[in-house]
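Open the model in your viewer and set it to a cartoon view. The stops below say what to select next and what is there.

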Amino acid sequence: MKIFITKTEIKSYLSSLKEQNKSIGFVPTMGALHQGHLSLIKKAQQKNDLVVVSVFVNPTQFDKKEDLINYPKTIENDTKLLKSVSCDVLFLPSVEEIYDNNVTSERFDFDGLEHQMEGEFREGHFDGVGTIVKTLFEIITPNKAYFGEKDFQQLQIIKKMVAKHRLDVKVKGCPIFREEDGLAMSSRNTRLTEAHRNAAPFIYETLKKVRKKFGTNNALELTEWVKNQFKKQPLLDIEYFMIADEKTLKPTKYQESDKKYRAFIAVFAGNIRLIDNISLHKD
Ligand code: AMP
């Protein structure tokens with residue numbers, strides 16, 4: 001596996017491969033890699049000649065300083081994992097390499113996709129995400145880029161950014177990879193206390209029940225129902241739950257039959273914030 005830390009070096013390496021018509025699949029990450037990340041890499045490997053993974057903890061997408069400081073950094077283990085799945089290229093830039101001395105976000109208009117959920121509760125988050133993903137796309141110039149449905153709002157926002165800025169890259173969504181007990185894999189899970197870790201599977205169990213009830217109950221009733229369920233869970237504090245149109249991400253109270261919906265949730269387990277979502281349409 002080749003490892004690059006500067007833009008100049010990775011650009012020059014990839015341009016020589018592009019000249020040979022090799023297709024590049026790209027998986028941006030913030031490191032602390034787990035099987036969820038590896039599932040994206042495996043998907044990228046199936047469809048591209050080579051796969052580039054970036055590990056960069058992007059400061060501009062954190063609204064809370066302590067969250068950025070406490071974000072797990074496990075680069076030795078990440079490198080090992082990437083080698084074990086035969087990743088071709090790791091891009092590991094410093095903050096200075098990406099931002100020079102100007103650690104700020106560009107302002108984006110994602111046609112309203114950015115206002116709810118993560119956008120509402122994490123100020124400036126999606127401007128930070130847009131800034132880093134656009135910058136990385138410019139450096140890597142991938143043919144395809146892979147993002148997890150774990151961050152479904154982020155996935156839709158990246159698709160919107162690519163369409164609006166006419167970027168020449170195909171954005172691919174990948175299913176949520178879960179622990180055996182259903183908890184969505186996340187780099188943050190390692191920071192849970194044992195008690196919170198044991199309580200956390202309740203999140204997905206509740207989402208599965210919502211999926212079952214959707215149709216017989218409307219979105220308004222289900223939102224109330226979920227909030228009541230979490231009142232019985234002293235270790236889990238719900239930040240938001242909503243059922244939204246998959247395309248616009250606008251919350252709904254009463255579902256319409258011709259639209260696809262998804263349920264979204266954010267929960268605090270102690271001071272660790274966990275997010276999850278589930279599709280509500282039955283194919
Ligand atoms: P992160 O390192 O958390 O920024 O995640 C990097 C990419 O991996 C994003 O596209 C995430 O949506 C994706 N990802 C993280 N966790 C999972 C998971 N459990 N299943 C699928 N994709 C995931």
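The tour starts with the whole chain and then moves to helix pairs and single residues.

**The whole chain**

Select everything first. This is a predicted model. The chain holds 11 helices and nine strands. Its C-alpha atoms fill a box of roughly 55 × 40 × 35 Å along the principal axes. For 283 residues, a compact globule would have a radius of gyration near 19 Å, and the chain agrees because its own value is 19 Å. Colour by accessibility next: 53% of the 283 residues count as buried. Contacts can also be sorted by distance along the sequence. Among those between residues at least 6 apart, 73% join residues at least 24 apart.

**Helix 7 with helix 8**

Two packed helices are described by the angle between their axes and the distance between the axes. Select residues 125–140, which form helix 7, and residues 152–164, which form helix 8. The two pack at an angle of about 55°, and their axes are 11 Å apart. That angle makes helix 7 oblique to helix 8. Their crossing is right-handed.

Now show the side chains at the contact. Helix 7 contributes Phe 126, Val 129, Gly 130, Val 133, Lys 134 and Phe 137. From helix 8 come Gln 153, Gln 154, Ile 157, Ile 158, Met 161 and Val 162. Sorted by class, the residues of this contact are eight nonpolar, three polar and one charged.

**Helix 1 with helix 7**

Keep helix 7 selected and add helix 1, residues 7–19. Here the packing angle is about 50° and the axes are 8 Å apart. Helix 1 and helix 7 are therefore oblique to each other. On the helix 1 side, the contact is made by Lys 7, Ile 10, Lys 11 and Leu 14. On the helix 7 side, Glu 138, Ile 139 and Ile 140 take part. This contact of helix 1 with helix 7 has four nonpolar and three charged residues, and no polar ones.

**Helix 10 with helix 11**

Clear the selection and pick helix 10, residues 202–213, together with helix 11, which covers 219–231. At what angle do helix 10 and helix 11 pack? The angle is about 155°, with the axes 11 Å apart. Helix 10 and helix 11 are therefore roughly antiparallel to each other. The crossing of helix 10 and helix 11 is right-handed.

In helix 10, show Phe 202, Ile 203, Thr 206, Lys 209, Val 210 and Lys 213. They meet Leu 222, Trp 225, Val 226, Gln 229 and Phe 230 in helix 11. By class, the contact of helix 10 with helix 11 has seven nonpolar, two polar and two charged residues.

**Leu 235**

Follow the chain on from helix 11 to the loop that leads to strand 7 (236–245), and select Leu 235 there. Leu 235 counts as partly exposed because its relative accessibility is 34%. Which residues is Leu 235 in contact with, leaving aside its neighbours within four places in sequence? They are Ala 195, His 196, Ala 199, Phe 268, Ala 269 and Gly 270.

**Asp 283**

Next go to Asp 283, in the segment after strand 9 (272–279). Asp 283 is exposed, as its relative accessible area is 88%. Use the distance tool from its C-alpha atom. To the C-alpha of Leu 235 it is 34 Å, with the two positions 48 residues apart in sequence numbering. To the C-alpha of Val 52 it is 33 Å, and Asp 283 and Val 52 are 231 residues apart in sequence.

**Two residues with positive phi**

Most residues other than glycine have a negative phi, and most peptide bonds are trans. The last two stops have a positive phi instead.

Select Ser 86, in the loop between helix 4 (75–84) and strand 4 (89–91). Ser 86 is not a glycine, yet its phi is positive, at about 55°. Is Ser 86 buried or exposed? With a relative accessibility of 51%, Ser 86 counts as exposed.

Finish at Met 117, in helix 6, residues 117–121. Met 117 is not a glycine either, and its phi is about 45°. Its relative accessibility is 0%, so Met 117 counts as buried.

Note on methods: Residues numbered from 1 in each chain as written. Predicted model: local features only at pLDDT ≥ 70, side-chain atom pairs only at ≥ 80, totals over all residues. Heavy atoms only, no water. Axes fitted to C-alpha atoms, helices over the stretch in contact; angles between N-to-C directions. Helix = DSSP H or I, 4+ residues; strand = E, 2+ residues; numbered from the N terminus. Parallel < 35°, antiparallel > 145°, perpendicular 65-115°, else oblique. Left-handed = near helix turned anticlockwise from the far one by under 90°. Contact = heavy atoms within 4.5 Å. Nonpolar A, V, L, I, M, F, W, Y, C, P; charged D, E, K, R; others polar. Rg over C-alpha atoms; globule rule 2.2 N^0.38 Å. Buried < 20%, exposed > 50% of the residue type's maximum accessible area, 1.4 Å probe, protein only.
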